[in-house]
Structures are given as C-alpha cells and as structure tokens.
Amino acid sequence: MSTPSLTALPVRRLTPRDLAACADLSEDRGWPREEHKWGLLLTAGTGYGIDDPAGGLVTACVVTEYGPRDCPELGAIGMVLVAERHARRGVGRHLMRHVVEEMGSTPLTLHATVYGRPLYEELGFKVTGRAEMFRGVFTPGGPEPEVFTRPATAVDLGTVLRLDEEVFGTDRTHMIARLPAFSDQLRVAEENGRIIGYAAAWPNMTDHVVGPLIARDTETAKALVSSLAAHTDRPLRTDIDVRHEELLAWLKERGLASVAFNSVMTYGIPELPGDWTRRFAPLTVAAG
C-alpha cells in the first residue's frame with residue numbers, strides 16, 4: 001500500500017491538550033520548547049496542525065484573532081513549524097493555504113523570518129514593516145528617564161485595555177486580560193495620575209520577554225523597560241519596530257545586542273491598524 005501524500009492529510013484544530021506535541025515540534029526544529037508561550041497561544045488563540053501517522057505533529061501554527069468575536073478585525077499567525085523530517089515537501093504551504101482560506105475575509109498579519117518570507121509572499125502577504133529582536137543583560141547607566149512607573153493593579157486593567165485598543169487598533173481583551181497571570185511583571189507609566197503606557201515581562205526559558213510595550217513616547221518606553229529590568233536578574237529579550245530608532249540605540253547602549261530581524265507582513269490590509277508611534281513591541285511576534 002502506498003504512503004499517502006502529506007498534503008492529503010487533514011488539518012485539524014489544536015487544543016491545549018496538544019501543548020506537549022507543539023513543544024516537541026519546536027524542539028525538533030532547534031527552537032526552545034517555549035511551553036509557557038504555547039500554553040497562552042493555544043488557550044487564547046486557535047491552533048491548526050496535521051498529525052503525523054507515525055506520531056506527533058507534521059506541522060502546526062496558531063492564529064490569534066482580535067476584535068468582535070463574531071467578526072474578527074485582525075488575525076495574527078504565528079509559530080508556523082514543520083517537522084524537520086517532513087521539511088521541503090509542501091506541507092507548510094498546505095497548512096498556510098488552509099489557514100488563509102479558513103480565515104476568509106479577516107485581515108491577517110505575521111512576523112516572517114528570511115526563510116519563511118518567500119512562502120508568505122507566494123500566498124499574497126506583503127511586507128509592511130520590520131522588527132528587530134534584541135537580547136542581553138540590561139545595564140543601567142546614563143540619565144534615568146523621568147517618567148513614573150509602578151506595578152499595575154487590578155484597578156488599572158480597564159484603563160490598560162482601553163489604551164491598548166486605542167494603540168493596537170482593535171480589541172484584544174482576551175489576550176491582555178491574561179497578562180497578570182501570564183507575566184512575571186506588569187507595570188504602568190503614569191503622568192498626573194493618568195496611565196500613559198504599560199509593559200509586561202513574561203518568562204520564556206532563561207529570558208524575560210518585554211512585551212507588549214505600549215508608551216506615549218520614547219522616554220516613557222525607556223522608563224518602562226528600565227523598571228522591568230530593575231526587577232529581574234534574567235536577560236531581557238524584545239522585538240522593537242525598527243522605526244523607533246532612538247529606543248533601538250538606547251537598548252544597545254544598555255547592553256542588549258541585535259539578534260535578528262523579522263519582516264512584518266499583512267494580508268488583506270495595506271498596513272496594521274492603530275498607532276505605530278506608541279506601539280513599540282508586540283506581546284510576542286507569534287500573536288502581534
């Protein structure tokens with residue numbers, strides 16, 4: 001009996017029960033297992049995957065939808081992975097075509113590596129920006145940003161959600177409301193009692209990932225990053241929109257090094273909604 005083509009295998013919805021299989025797939029491709037992040041994505045988003053007849057997953061990805069539940073305004077695609085043993089056999093293309101078709105008229109976005117970008121361009125995604133990943137041990141120094149920051153409280157959540165929707169361009173309550181439990185730190189920046197920015201630091205293997213980073217201006221962003229760094233002994237990692245040149249230069253001065261670039265791509269819209277001038281870093285590149 002002949003072995004069926006991988007592209008003939010059905011795509012199914014993943015659930016939190018598939019977390020270990022997703023982490024195994026990450027590890028298979030040389031990525032960290034990132035079980036904490038997979039847990040968030042599979043709970044707040046929708047996973048898609050193809051089962052390997054021999055066990056495990058052939059391929060997987062996650063889509064996080066934002067806006068009204070019955071009519072999403074944006075879908076963020078992330079964690080697109082194909083098992084090494086099945087790479088370069090068209091199965092990633094098969095999965096992505098299924099996801100794009102499944103999402104219908106919902107605009108889409110993703111962060112693409114240099115290796116994944118040709119596939120996404122073939123499917124109709126367009127490059128609309130770039131993000132630069134930084135990682136390193138934060139070293140304080142120089143003038144401290146003169147912006148007051150403090151830990152967020154339960155009372156702040158409503159204000160943070162309104163600010164986030166204004167800056168991100170659509171409602172993502174189901175994701176941001178999980179930050180107090182998902183992150184190790186959630187801080188807000190204030191001026192005259194008014195919240196002008198917020199940021200989280202969440203654990204990912206040996207690092208603390210800074211994201212989201214939403215701030216009125218660069219000085220506010222610096223203050224939030226500094227305050228997060230002051231309360232951890234882990235290296236920081238973050239992905240900054242390259243248009244924020246002043247913040248990029250400051251991070252380098254504080255000991256973080258550039259690790260990689262990703263292309264920000266969209267499908268169905270010419271650019272991302274919201275206010276990029278106040279959107280410095282995503283929660284994670286996998287979910288926007």
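These exercises explore a predicted model, each with a worked solution.

**Exercise 1. The nonpolar cores**

Find which residues touch the most other members of the largest nonpolar core.

Solution.
- Start with the size. The largest nonpolar core has 37 residues.
- Pick out its best-connected members. W38, Y66, M175, I176, L179, Y198 and L283 touch the most other members.
- Look for a core apart from it. Another core has 25 residues, including I196, L213, A223 and L251.
- Set this beside a general tendency. In soluble globular proteins, nonpolar side chains tend to be buried together.

**Exercise 2. The setting of T64**

Decide whether T64 is buried or exposed, and list what T64 touches.

Solution.
- Locate T64. The residue is in strand β3, which spans residues 57-66.
- Check the accessibility. Buried means under 20% relative accessible area. T64 has 0%, so T64 is buried.
- List the contacts, leaving out residues up to four places away in sequence. T64 touches L41, A44, G45, L74, G75, A76, H174, M175 and A287.

**Exercise 3. Aromatic pairs**

Classify the pair Y66 and F168 by its ring geometry, then explain what the pair ties together.

Solution.
- Count first. The structure holds five aromatic pairs.
- Take the geometry. The ring centres of Y66 and F168 are 5.2 Å apart, with the planes at 75°.
- Apply the cut-off. Planes over 60 degrees apart count as edge-to-face. The planes of Y66 and F168 are at 75°, so this pair is edge-to-face.
- Place the partners. Y66 lies in strand β3 and F168 in helix α5 (residues 157-168), so the pair ties together parts 102 residues apart in sequence.
- Check burial. Both Y66 and F168 are buried.
- Now take F138 and W250. Their pair is tilted, with 5.6 Å centre to centre and 55° between the planes.
- Place these two as well. F138 is in the loop between β6 and β7 and W250 is in helix α9, so this pair ties together parts 112 residues apart in sequence.

**Exercise 4. The surroundings of R172**

Identify the ring that R172 lies over and the residue R172 meets in a salt bridge.

Solution.
- Find the ring. R172 lies over the face of F168, at 3.9 Å from the ring centre.
- Find the salt bridge. The side chains of R172 and D164 meet at 2.7 Å, N to O.
- Test burial. R172 has 2% relative accessibility, so R172 counts as buried. D164 is buried too, with a relative accessible area of 1%.
- Recall the general point. Side chains of opposite charge can pair when their charged atoms come close.

**Exercise 5. A salt bridge in a helix**

Work out where E121 and R117 lie, and whether each is buried, partly exposed or exposed.

Solution.
- Take the distance. The closest N and O atoms of E121 and R117 are 2.9 Å apart.
- Place the pair. Both lie in helix α4 (residues 117-122), four residues apart, about one turn of the helix.
- Check exposure. E121 is partly exposed at 38%. R117 is partly exposed at 33%.
- Step back. The whole structure has 25 salt bridges.

**Exercise 6. Backbone exceptions**

Find a cis peptide bond and two positive phi values outside glycine.

Solution.
- Recall the usual case. Most residues other than glycine have a negative phi, and most peptide bonds are trans.
- Find the bond. The peptide bond from G211 to P212 is cis. P212 is in strand β10.
- Find the phi values. E34 has phi near 50°, and M205 about 60°.
- Compare their settings. E34 is buried at 5%, whereas M205 is partly exposed at 48%.

Key. Residues are numbered from 1 along each chain as its sequence is written. This is a predicted model: local features need pLDDT of at least 70, side-chain atom pairs count only at pLDDT 80 or more; totals for chains, interfaces and linings use all residues. Side-chain values use heavy atoms; hydrogens and water are left out. A nonpolar core is a set of buried Ala, Val, Leu, Ile, Met, Phe, Trp, Tyr and Cys residues joined through side-chain atoms within 4.5 Å. Buried means under 20% relative accessible area, exposed over 50%, partly exposed in between (1.4 Å probe, protein chains only). Helices (H or I, at least four residues) and strands (E, at least two) are DSSP runs, numbered from the N terminus. Contact means heavy atoms within 4.5 Å. Rings of Phe, Tyr and Trp (its six-membered ring) pair if their centres lie within 6.5 Å; planes under 30 degrees apart count as stacked, over 60 as edge-to-face and the rest as tilted. A charge sits over a ring if NZ of Lys or CZ of Arg is within 6 Å of the ring centre and within 35 degrees of the ring normal. A salt bridge is a side-chain nitrogen of Lys or Arg within 4 Å of a carboxyl oxygen of Asp or Glu.
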